[in-house]
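Colleague: I have a new chain open on my screen and would like to go through it slowly with you. Could you take me through the picture, piece by piece?

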Amino acid sequence: MNRPVQRIIIIVLALVLVVPIGVIGIGQLLGNDGGEQADPTAVENPDNRPTADPADQPPRPEVPRPEEPAGLTEQTDEGAQETVTYLLESYTYMMTTGDVSVWESSIDPQCQVCMSFLDNAQLLAEQDGYLVDGDFAVHSTTFEGKGDPPASGEVVADFTQEASILVDDPNLQANELPEVSGQLVAQIAWDGERWRVTDMSIAPEGTGASDAGGASDAGGAGG
């Protein structure tokens, strides 16, 4: 796997929880519009990180596959909230194992942000990389739906992601990522059988749920 792709993984993971992920593209994150070839030496090790002995890297954790909650296939307010909670809580498993099936059935294939997460997990696995720690804790969720029963709507989830270590290349020093707290805003729709997330973004720092579509006025379920 080439280094430019690997660098995308690093930057997306480092920034995706602190920027509006719904409006920033991969090329913008890289600061490269694709019109200029990168310096080959920089491409080989874009961050100029020290080399490392793979044996000295933190071991890949054994993370059990999370159990799907029943709400993923229930057309209710609670089901919509459980779907978003499940995506966040299964993130570490996906990034550690490369098993994207925990997300595939609960995201819309047209959701570019959602698909970037899947691409990252798959590329990381192909590069023999993995995530250490980085578990999400979902503190609360709210839902503002449309229709009765709801056919679509917006879920707002308050979360904290613990600090983590990203081993993206066993031969380079691992990346330490700090703990992050924030508010995920997810657009979600019922496809006839289950809920699917159609878009995701992070609420700007300092704003409440009401700034993300009025979800604070809706009844919510804790994560």
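**Strands, core and salt bridges**

Modeller: Let me begin with one pair of residues in the sheet, where Ala-157 has Leu-184, in β6, as its bridge partner. Please keep in mind throughout that this is a predicted model.

Colleague: How many bridges join β3 to β6, and do the strands run parallel or antiparallel?

Modeller: β3 and β6 run antiparallel, and ten bridges join them. Strand β6, which covers residues 180–190, also pairs with strand β7, residues 195–202, again in the antiparallel sense and over seven bridges.

Colleague: Which residues face each other between β6 and β7?

Modeller: Val-185 stands opposite Ser-201 in β7, and Trp-190 has Trp-195 in β7 as its bridge partner. The hairpin that β6 and β7 form has four residues between the strands, and in that hairpin Gly-192 takes a positive phi near 105 degrees.

Colleague: What about Gln-183, is that one buried or exposed?

Modeller: Gln-183, whose place is in strand β6, counts as buried because its relative accessibility is 8%, which falls under the 20% cut-off. The side chain of Gln-183 is also joined to the side chain of Asp-158 by a polar contact of 2.9 Å.

Colleague: Let's zoom out, then. How many helices and strands does the protein chain have?

Modeller: The protein chain has seven helices and eight strands. Of its 223 residues, 43% count as buried, and the chain exposes about 10900 Å², with carbon and sulfur atoms supplying 48% of that area.

Colleague: And what share of the contacts comes from residues 24 or more positions apart?

Modeller: If you take the contacts in the protein chain with a separation of 6 or more, residues 24 or more positions apart account for 69% of them.

Colleague: Which residues have the most contacts inside the largest nonpolar core?

Modeller: That core has 38 residues, and those with the most contacts inside it are Val-84, Tyr-91, Met-94, Trp-103, Ile-188, Val-197 and Met-200. Both helices and strands take part, since α4, α5, α6, α7, β2 (136–146), β3 (152–161), β6 and β7 each supply at least two residues of this core. The largest share, six residues, comes from α7.

Colleague: Pick Met-94 for me. What is it in contact with?

Modeller: Once you leave aside its neighbours within four places in sequence, Met-94 is in contact with Asp-99, Val-100, Val-102, Trp-103, Phe-117, Leu-118 and Ala-121.

Colleague: Changing topic, how many salt bridges does the count come to?

Modeller: The count comes to four salt bridges. In one of them the side chains of Arg-60 and Asp-128 meet, at 3.3 Å from N to O. This pair links distant parts of the chain, 68 residues apart, with Arg-60 in the loop between α3 (40–44) and α4 (77–89) and Asp-128 in the loop between α7 (112–126) and β1 (130–133). Arg-60 counts as partly exposed at 36% relative accessibility, and Asp-128 counts as partly exposed at 45%.

Colleague: Which residue meets Asp-99 in a salt bridge?

Modeller: The side chain of Asp-99 meets that of Arg-65 in a salt bridge, at 2.8 Å from N to O. Asp-99 lies in the loop between α5 (91–97) and α6 (101–104) and Arg-65 in the loop between α3 and α4, so this pair ties together parts that are 34 residues apart in sequence. Asp-99 is partly exposed, with a relative accessible area of 22%, and Arg-65 is partly exposed too, with 41%.

Colleague: What about Arg-194, where does its salt bridge lead?

Modeller: Arg-194 forms a salt bridge with Glu-68, and the closest N and O atoms are 3.8 Å apart. Arg-194 sits in the loop between β6 and β7 and Glu-68 in the loop between α3 and α4, so the pair links distant parts of the chain, 126 residues apart. Arg-194 is buried, with a relative accessible area of 14%, whereas Glu-68 counts as partly exposed at 35%.

Colleague: One last residue, Ser-164. What does it touch?

Modeller: Ser-164 lies in strand β4, residues 164–167, and is buried, with a relative accessible area of 6%. Not counting residues up to four places away in sequence, Ser-164 touches Leu-131, Val-132, Asp-133, Gly-134, Asn-175, Glu-176 and Leu-177.

Key. Residues numbered from 1 in each chain as written. Predicted model: local features only at pLDDT ≥ 70, side-chain atom pairs only at ≥ 80, totals over all residues. Heavy atoms only, no water. Pairing = 2+ DSSP bridges. Buried < 20%, exposed > 50% of the residue type's maximum accessible area, 1.4 Å probe, protein only. Polar contact = N/O pair within 3.5 Å; in protein donor to acceptor, adjacent residues only side chain to side chain. Contact = heavy atoms within 4.5 Å. Areas by Shrake-Rupley, 256 points an atom, 1.4 Å probe, with all protein chains shown as cover. Core = buried A, V, L, I, M, F, W, Y, C linked by side-chain atoms within 4.5 Å.
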